[in-house]
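Please describe how the helices of this protein chain are arranged and which residues stand out within that arrangement. A report in running text, with one small table, would be suitable.

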Amino acid sequence: MNNYTNTKKMTIAALMAALALIFSYVEVLIPFTVGVPGIKLGVANIVVIIVLYYLGPKYAITVNVVRVLIAGLLFNGLFGALYSLSGAVISFIVMVMLKKTDIFSIVGISMAGGVAHNLGQILVAAFLISNIKIFVYFPVLIISGVVTGAIIGILAGLILKRLPK
């Protein structure tokens with residue numbers, strides 16, 4: 001990937017942002033319910049993790065923020081975008097920090113990102129409703145973040161192996 005020019009990387013990032021937006025839309029269409037409100041697969045995060053590993057953090061944060069803002073406003077409204085953005089930013093920071101350590105696999109980083117995303121969303125919810133009792137729901141969100149993060153990390157790893165170097 002180092003052989004690519006900045007223009008080529010920017011073009012790939014734009015395409016990846018569009019792909020992530022499509023994945024977000026498809027996820028809205030798929031009725032995925034586990035009986036717990038707010039839990040979703042986060043399929044668009046496959047794209048963010050791929051961009052993080054393939055193009056680097058600068059491009060990944062751009063793809064992530066563009067996708068979250070557009071998808072949030074299109075499918076969830078202003079508050080949905082706020083929740084998603086808070087989760088996405090915290091998740092991204094955690095994933096970048098863990099990736100820099102070279103200790104964790106892509107699956108481990110994705111799992112941590114899933115949990116951090118849920119933490120960001122519950123922090124915003126607690127702030128908006130001025131009640132920390134909502135954190136009683138956090139253990140369920142930890143489990144869902146670990147499970148969905150593992151699935152997303154496995155898929156992203158498989159895709160990365162097939163991309164040109």
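The report below moves from the chain as a whole to its helix packing and then to single residues.

**Overall architecture**

The model is a predicted one, and its protein chain contains 5 helices and 0 strands, so that the order of elements from the N terminus reads α-α-α-α-α. For 165 residues, a compact globule would be expected to have a radius of gyration near 15 Å, and the value of 15 Å computed for the protein chain agrees with this. Along the principal axes, the C-alpha atoms occupy a box of roughly 50 × 35 × 25 Å. Of the 165 residues, 41% count as buried. Among the contacts with a sequence separation of 6 or more, 68% join residues that are 24 or more positions apart.

**Two helix pairs**

Two helix pairs, H1 with H3 and H2 with H5, can be described in the same terms. Helix H1, which spans residues 6-29, packs on helix H3, residues 57-101, at an angle of about 35°, and their axes lie 9 Å apart. The crossing of H1 over H3 is right-handed. On the H1 side the contact is made by Asn6, Lys9, Met10, Ala13, Met16, Ala17, Ala20, Leu21, Ser24, Tyr25 and Val28, while H3 contributes Tyr59, Val63, Val66, Arg67, Ile70, Ala71 and Phe75. By residue class, this contact consists of 14 nonpolar, 2 polar and 2 charged residues.

In the other pair, helix H2 (residues 45-54) meets helix H5 (residues 138-162) at an angle of about 50°, with 9 Å between the axes. Because of this angle, H2 is classed as oblique to H5, and H2 passes H5 in a right-handed crossing. The residues of H2 that take part are Asn45, Ile46, Ile49, Ile50, Tyr53 and Tyr54, and their partners in H5 are Ile152, Leu155, Ala156, Ile159 and Leu160. Here the contact is made up of 10 nonpolar residues, 1 polar residue and no charged residue.

**How enclosed is H2, and by what?**

Since 8 of its 10 residues are buried, H2 is largely enclosed by the rest of the structure. The buried residues are Ile46, Val47, Val48, Ile49, Ile50, Val51, Leu52 and Tyr54, and they pack against H1, H3, H4 and H5. Among these buried residues, Ile46, Ile49, Ile50 and Tyr54 also belong to the H2 residues that meet H5. After H2 comes Gly56, which has a positive phi near 110°.

**Two buried residues of H4**

Ile109 is placed in helix H4 and counts as buried because its relative accessibility is 1%. Apart from its neighbours within four places in sequence, Ile109 is in contact with Tyr53, Met95, Leu98, Lys99 and Phe104. One of these partners, Tyr53, is also among the H2 residues that meet H5. The C-alpha atom of Ile109 is separated by 8.2 Å from that of Gly149, although the two residues are 40 residues apart along the chain.

Asn118 is also found in helix H4, which covers residues 106-129. With a relative accessibility of 9%, below the 20% cut-off, Asn118 counts as buried. When its neighbours within four places in sequence are left aside, the contacts of Asn118 are with Phe138, Leu141, Ser144 and Gly145.

**Positive phi values in the loops**

Most residues other than glycine have a negative phi. Against that background, two residues that are not glycine have a positive value: Asp102, with phi near 60°, and Ser130, with phi of about 50°. Asp102 is found in the loop between H3 and H4, whereas Ser130 lies in the loop between H4 and H5. Asp102 counts as exposed because its relative accessibility is 68%, and Ser130 is likewise exposed, with a relative accessible area of 66%.

The table sets out the accessibility of the four single residues discussed above.

| Residue | Relative accessibility | Class |
|---|---|---|
| Ile109 | 1% | buried |
| Asn118 | 9% | buried |
| Ser130 | 66% | exposed |
| Asp102 | 68% | exposed |

Methods:
Residues are numbered from 1 along each chain as its sequence is written. This is a predicted model: local features need pLDDT of at least 70, side-chain atom pairs count only at pLDDT 80 or more; totals for chains, interfaces and linings use all residues. Side-chain values use heavy atoms; hydrogens and water are left out. Axes are lines fitted to C-alpha atoms, for helices over the stretch in contact, and angles run from 0 to 180 degrees between N-to-C directions. Helices (H or I, at least four residues) and strands (E, at least two) are DSSP runs, numbered from the N terminus. A crossing is left-handed if the near helix is turned anticlockwise from the far one by less than a right angle, and right-handed if clockwise. Contact means heavy atoms within 4.5 Å. Ala, Val, Leu, Ile, Met, Phe, Trp, Tyr, Cys and Pro count as nonpolar, Asp, Glu, Lys and Arg as charged, and the others, Gly among them, as polar. Angles under 35 degrees count as roughly parallel, over 145 as roughly antiparallel, 65 to 115 as roughly perpendicular and the rest as oblique. The radius of gyration is taken over C-alpha atoms; the globule rule is 2.2 Å times the number of residues to the power 0.38. Buried means under 20% relative accessible area, exposed over 50%, partly exposed in between (1.4 Å probe, protein chains only).
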